[in-house]
Each structure stands twice: as structure tokens, then as C-alpha cells.
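Visitor: I should like to take a close look at a single part of this structure. Could you please guide me through the cavity and its surroundings, and then through the interface beside it?

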Amino acid sequence: VSGRPEVFAAETIRMSVPYVACALGAVLTERAGVVNIALEGTLVVSGLAAAVAAHASGSAWAGLLGGVAAAALYCAGHGLLVVKARVDAIVSGIALNIIAFGLSRVVLRVLFDSASNSPRLPGFGWGTWEHPLPRVLADPVVLLAIALVPGIWALLHRTRAGLRLRAAGDNAAAAAAAGISVPSVQLLGSTLCGAVAGLGGAHLVFDQRHFDAGMSGGRGFIALAAVILGGYRPLPVALACLGFAALEATQIAVQDLVHVPPELVQMLPYVGTLVLLGTIGRLGKRRLGPN
Amino acid sequence: VSAEAASGAAWSGAVGERARRVIFAVALLLLLFDLLSFFAGDAPLDALVRAASGTWGTPYGIGQVLYKATPLLFAGVAFDIAYRAGLFNIGVEGQMALASLTAGVVAAALPQGTPFALAVPIVLLSAAVVGGLWASIAGALRAWAGAHEVIATIMLNRIADALVPLLLNHGLGATGFRTRDAVAGARLPSLGRLAQAFEGSAVSVAFLLSVAASVGAWAWLRRSRVGREIGWVGQGADVCRAEGIPVGRRLVLAMALSGAVAGLAVSATVLGYKGYHETGLGAGAGFGGIAVALLGKGRPLGLIGAALLVGTLQQAGLVLNATLPREAMDVLFGAVILAVAASPFPEGNSGAPGARS
């Protein structure tokens, strides 16, 4: 069954959602000139908040809202620290990642009396489907993530806010001279990054129907790699995410047929990114620092 | 006289600023600690007393704090060396993991009866070389391809995360989780052998090595020609290039040394405590070391103090684990990093370009 192409396509789309959400969020904040390496923490925060809200209300929609809101707050905090308190963006990202992981354990213990996971959660339950493709697509989080690809592109290139965002990131001094409030624009970019990436954590939670302390599994870092591979442009970035998801789906599909150590496949996105950095290294530098 | 008075005022101003910052950080720590333990249903004051007596209250507790502080201090010194060159070595964690695997493999492969004076240097050197080589990949990408070292070291960390279990599973491990036992000569003595009081705790003479490393790195960066050049490159690469300093080579050297010092952390974990490498041994110290470096501000005493602080938090986390998950201490030290970083800190080469102008 796992060899059928539509199963493979469906699995690839499903697995790409957290990558796409995180990477598109990162595109927004990086284009505004605020580096965010706390995407992994954003997945943890949004997943946990989605689980808590869904568990408390009994509604997956409330969970989705809670996850997105918490992630937006978390990344707004990063924006405030970087833009207002002048904390180095890398330092803030590291600290926020650490805090997110620590806090998730405390919340799990206190609210669910568990060291590692939440109880089973309500889902969206948009019908039961025989065919694998509609089964994956009949999910509001997946549909939202797909809609975000053209959505983020349009936001960046067809709206005034997007123009300001890019201006603040490309040349802050010129943007300020043109009357743009660079700090507010960068805060907006940071917050939007959280809201978008928060979909990723919500997807992980509602896909598995529970929250698990280790469930982000490095996806926030893979998303960072996708952002670099895609050159900070929404469509190429989303394609890079699909590529990484296809790699993951391939590994799962072939693991029964040929024995490839899973760790080897796990490394590929990172090795690919390093090789790309080595050949056209300026890409990794473009958004990360002036010198 | 007025110049003297002015410099005196500036001096007391600087001390006042630093004291305010320390007081603020400690107050924040206590406040968060109380909030978290209250949130977890513990009595805050009681939890604080238990945390204090479980860390600095007994010789065993002190020994455990020193054990935790040792890899943290190595990691802090490692991060600091790269930071002097203006580089963010986020990859200390991965460099440590690969070095730890190397140390475990080499220490077990030595012939039985290799004398201490030969075995320990061989193991430490191989760990340092592997850590240094792994780090210098990021250094070389930065120096000669212009790739940002933060991205490169994050990728290298993730690769190391997969590479270590892969190698353990395919030939290098006794099982999939650990290496074979080290030969007797490659073990560092426990500090309990020197001071009876520490008997039973995990601290070894590696702690003294880490202190020596922090002083040694500080002196080398200050006193040697190459060390000073590394600091100048961090201040301004273009000026250095104009002065004929080989900027690229200095960047790679700073990363390599940083990774090598990170690799020396195996002295505490593999050589001083376990006697083998196992999955997860020393994990987290690489990221903790970033906090140590940021708190310690490049001075040996600062780094040692910061390593002891973070080590105390980690040990306190274990003491309180029954009521408050030990990961709660990560929240505390994440918050302290932010509190310290929010005050003026020498600017690195990264960050939000827009936010800085």
C-alpha cells in the first residue's frame, strides 16, 4: 500500500505542513530584518497551547486559535527583546528555545500530571475518507498552510505593509528616512511569524491527537534550512519544504524494503544546506547580519 | 585631581552598573523560582531551602555542582574564544557530542596497561582534534564562502545528532547506546581521591582542568600575537585585512580552537565519571555554555562563576525533580540569559541589522 503514488503524495503534503508553516513565518520575520532561530521553540509553544486550549474547551478550533495566539505572543516577545531591548537576535532565539522546552515540561506536569504528553485531544473530524489525498486535505490546518503560500507572497509583494516590511529589512536607515517606523514594522513581522509558524505546532498536535514533549523533532531547524535553500522567497521556500517532506516520506516508505539507516536520511536536509552554503554561501549571510 | 575624580566616578559607575545587573538577575531568578515552584504546587520557601541544601549544603552536593559546572565551563570558554573573533559558535553541543564519542572509542581502543601519562593525553588530544575539525567546517564556510556560522553550526549540530547514534549503531559502540569501557589508564581520578569530602560525587580532577582552560584561554587571547589578532578580527575584519592580518585563517583558527576546547569537556564526562561514552552523556552543556559565556563576559572569574551558577541550577533541578520538573531550571537560566543580554553587551556580528541602525 505504501508504494502507491497517491499515498506518497498525501503523506508528503501532510508532513510538509509544519515545515511550510515555520518556514513561511521565518520568511516574514527575516525579510523584516529580525532573525528568528526560535522556530523550534515556536512549534513547542504553539503545540502545547493548542493542546491546552483544545483540552480545556473540547474544541479543536479553540485549540487552533490558542496555539496560533500563543505562538504570536512568543514571537512578539522575541521581537520586543530584539527591537526594543536590543538583545542580540541569536542570543534571544537560543534563550527562547530553552525557555519553551523547559516551560512545556512544567506545564505538562502541572496541568496533565505527565512527564511527556497530553491526554488524547479532540480533532477537526471533517469526515472519513477512503482516498488518502482528501483524507489529508480535509483538515483546516492543512488548507490554511497551503493557502499561506500565495498569501504570504501577496502580502510581501502586493500590499503596503509588505513593502514596508521588505524596506525595513533591506535597508533600515533608508526605510526610516522614508518615514517608516522600522521598530513597529519589525515587531509586526515578528508577531506574524509566530502566528504563521503556530499553525505548524497546531498541525503536529491535531495530526497526532495529542501533544508530546519531543514532537517538534528538529522541524523548526529544518524549516530554517528550507528558508535558506529557498532564498527567502515564499514559493521556493515552500518547495524546499515539500522536498524535505518527500524525503521523510520516502524514508518511511522504503524502510521495510531496503534497510537505509534512518539517521542517514535524517541528515540529508542539513548536509544539503551545508553544501549549498559552501557553494553559494552568501545566501546564508544575506539576512543574518550586516558585515 | 579632577581627572582622578572623574575616573573614580566612572569606575564606581561601572561597578554600580555591574552590581545592579547582578542584583537584578538574582532577584529575577528568585522571583521566577518562587513562581514556578508555587505553580507546581510546592511551597516556594521550602523548595528554595531544599534546593540550597541539596547543592551547596553538603560536600556531596558541592561535588555534584562542580561536576555539572565542568563541561559548562569548557563550553563557555569554547564559545568565548569564537566570540572574540566575532563568531557565534552555536555548534558547541554537536562538537562535544562527536568529541565524546571519539573519546569513548579511543579510550577503549588503547591497549590494556597503557600508562596514565600516555593514555589521558592521547584521548584528550583526539577528542580536541575531532571537536576542532567539526567546528572548523563552519569556520571555513564563513571565512571562504561567506556562509553565516550560525546557520552552519545549527546544521552541523543536527548532523552530529544523527551521526553519533549512526556510528554507535554501526561498529563504534558496544551496544547502540554506548561505547566499550575505557582502559584503566585513561580514567581521570575522582576529586574524592584528593579531598575525602567529595567521596561518592561525580566530580573529578577535570574540574581543575576546566579552570586551567579558562585561565589559559584568557591569557593566550591577551598575550600571544595570534590570540590578539583573533580579538582584532572580531573588532573589525576590514581594518585587519588592510593591516595584512590573514583574516580568513584567524576565523578558522578561532572556530577550530573553540571546538577543540569544547572537545576537552570529555575529561569530565567520559574520563572523569562514566568511563565510556553513552547516548546523551553531557547533553545540554553546549547550550548551557553559551549562557556561561554571555554571563561571564570573557573573564576567567566571570566564566567560572557563571559555570558554577548554571551548574547549581542544574543540580537544584535534580534535587527538586520530585515536585518540580528539573527542566523548570532551564526556564530560569533562559530568563537570566535574556536579562543579562538586555543590558549593553559588546556587539557581535549577528542580529537584526535593521534593529541596530
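**The cavity and the interface**

Guide: In this predicted model, the largest cavity holds about 40 Å³ of space. The structure contains 1 cavity of 30 Å³ or more. Its lining is formed by A:Glu30, A:Val35, A:Ile37, A:Leu224, A:Val227, A:Ile228, A:Tyr232 and B:Ile151. Among the elements of the structure, helix H10 of chain A, which covers residues 219-229, gives the most to this lining, with 3 residues. By residue class, the lining of the largest cavity comprises 7 nonpolar residues, no polar residues and 1 charged residue. The charged residue is A:Glu30, because Glu counts as charged.

The list of lining residues includes B:Ile151 as well as residues of chain A, and this leads to the contact of the two chains. Chain A brings 58 residues to that contact, and chain B brings 54 residues. Between them, the chains bury about 4,600 Å², and 75% of this area lies on carbon and sulfur atoms. Within the area that chain A buries against chain B, 12% is supplied by A:Ile98, A:Arg109 and A:Leu274, more than by any other three residues.

Specific pairings may be considered next. The interface of chain A and chain B has 1 salt bridge. It joins the side chains of A:Arg105 and B:Glu327, with a distance of 3.8 Å from N to O. For polar contacts between chain A and chain B, the count is 3 residue pairs, with both residues at pLDDT 80 or more.

Several helices of chain A give two or more residues to the side that touches chain B, including H3 (60-84), H9 (182-208), H12 (262-279) and also H10. The largest share of that side, 16 residues, belongs to H4 of chain A. Taken by class, the side of chain A that touches chain B consists of 37 nonpolar, 13 polar and 8 charged residues.

Conventions: Residues numbered from 1 in each chain as written. Chains lettered and ligands numbered in written order. Predicted model: local features only at pLDDT ≥ 70, side-chain atom pairs only at ≥ 80, totals over all residues. Heavy atoms only, no water. 1 Å grid on protein atoms, 1.4 Å probe; cavity = no way out; pocket = protein on both sides within 12 Å on 5 of 7 lines; lining within 4 Å. Points joined across faces, edges and corners; volume = space filled by probe spheres on them. Helix = DSSP H or I, 4+ residues; strand = E, 2+ residues; numbered from the N terminus. Contact = heavy atoms within 4.5 Å. Buried area = accessible area lost by both parts, 1.4 Å probe. Salt bridge = Lys/Arg side-chain N within 4 Å of Asp/Glu carboxyl O. Polar contact = N/O pair within 3.5 Å; in protein donor to acceptor, adjacent residues only side chain to side chain.
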